[in-house]
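Visitor: Could we go through this structure together? I should like to begin with the helices.

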Amino acid sequence: MLSSILFKTVFKDLAILLLRVFTGALLIHHGFEKLNDINNFADAFVRPLHLPFPVTLSYLAAASEIVGSWSLIIGLGTRLGAFAILGTMSVAIYHALVTSGFNIYLLELLALYFSSAISIILLGPGNLSADYLINEIFVNKLNPLESISIEKGNLNAEIKNKKEITNKPKQEKFFDFPFSSFLSS
């Protein structure tokens, strides 16, 4: 029991949900600010990097922040939204380094959004997301009647396996890696 308390968390999906929602909710207004004065944003942030089509790229940055933020909040296309945010934050970090050097006050918020996007990409959307619901409804449960009959067949097979296992002598484990349950989740 102690190992399950120390190494497994029951709040993993809640933590991912909080990370997604707070990242999206706090970032979305940056995209709308870009749209309010797109030419000013293009002059201040895109043109100094000598990138082609600065106004178009400014619209692309605003759209990736707005659509990516909504994607994170809802949990629909979560990894794609996180990739869009990651791309925008990568360019923003590059801009901050080129124009101001290693200024921690400029980089700290960008680095937090960058690390949140990477974390969401690596962890996935979690069970409290539209992606999970769509996967469960349309991919895993294509035919509900078929899955019910499969479950009944699996139940009978499990009962037979349990009877066979109880007849076998128990083997002692010499070494049990303490993080095995943590790493497998």
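Guide: The following exchange covers a helix pair, a nonpolar core and one further residue.
Guide: This is a predicted model, in which local features need pLDDT of at least 70, side-chain atom pairs count only at pLDDT 80 or more, and totals for chains, interfaces and linings use all residues. Residues are numbered from 1 along each chain as its sequence is written, and side-chain values use heavy atoms, with hydrogens and water left out.

Visitor: At what angle do α4 and α5 pack?
Guide: Helix α4 (residues 54-74) and helix α5 (residues 78-100) pack at about 145 degrees, their axes 8 Å apart. Helices are DSSP runs of H or I, at least four residues, numbered from the N terminus. Axes are lines fitted to C-alpha atoms over the stretch in contact, and angles run from 0 to 180 degrees between N-to-C directions.

Visitor: Which residues of α4 and α5 meet?
Guide: Among them are A61, G68 and L72 in α4, and A82, I85 and M89 in α5. Contact means heavy atoms within 4.5 Å.

Visitor: What does L72 touch?
Guide: Not counting residues up to four places away in sequence, L72 touches R20, T23, G24, T78, A82, I85 and I120.

Visitor: How many residues has the largest nonpolar core?
Guide: That core has 14 residues, and L72, A82 and I85 are among those with the most contacts inside it. Such a core is a set of buried (under 20% relative accessible area) Ala, Val, Leu, Ile, Met, Phe, Trp, Tyr and Cys residues joined through side-chain atoms within 4.5 Å.

Visitor: Turning to N39, where is it?
Guide: N39 lies in helix α3 (residues 38-46) and touches R47 and V55, not counting residues up to four places away in sequence.

Technical notes
Helix = DSSP H or I, 4+ residues; strand = E, 2+ residues; numbered from the N terminus. Buried < 20%, exposed > 50% of the residue type's maximum accessible area, 1.4 Å probe, protein only.
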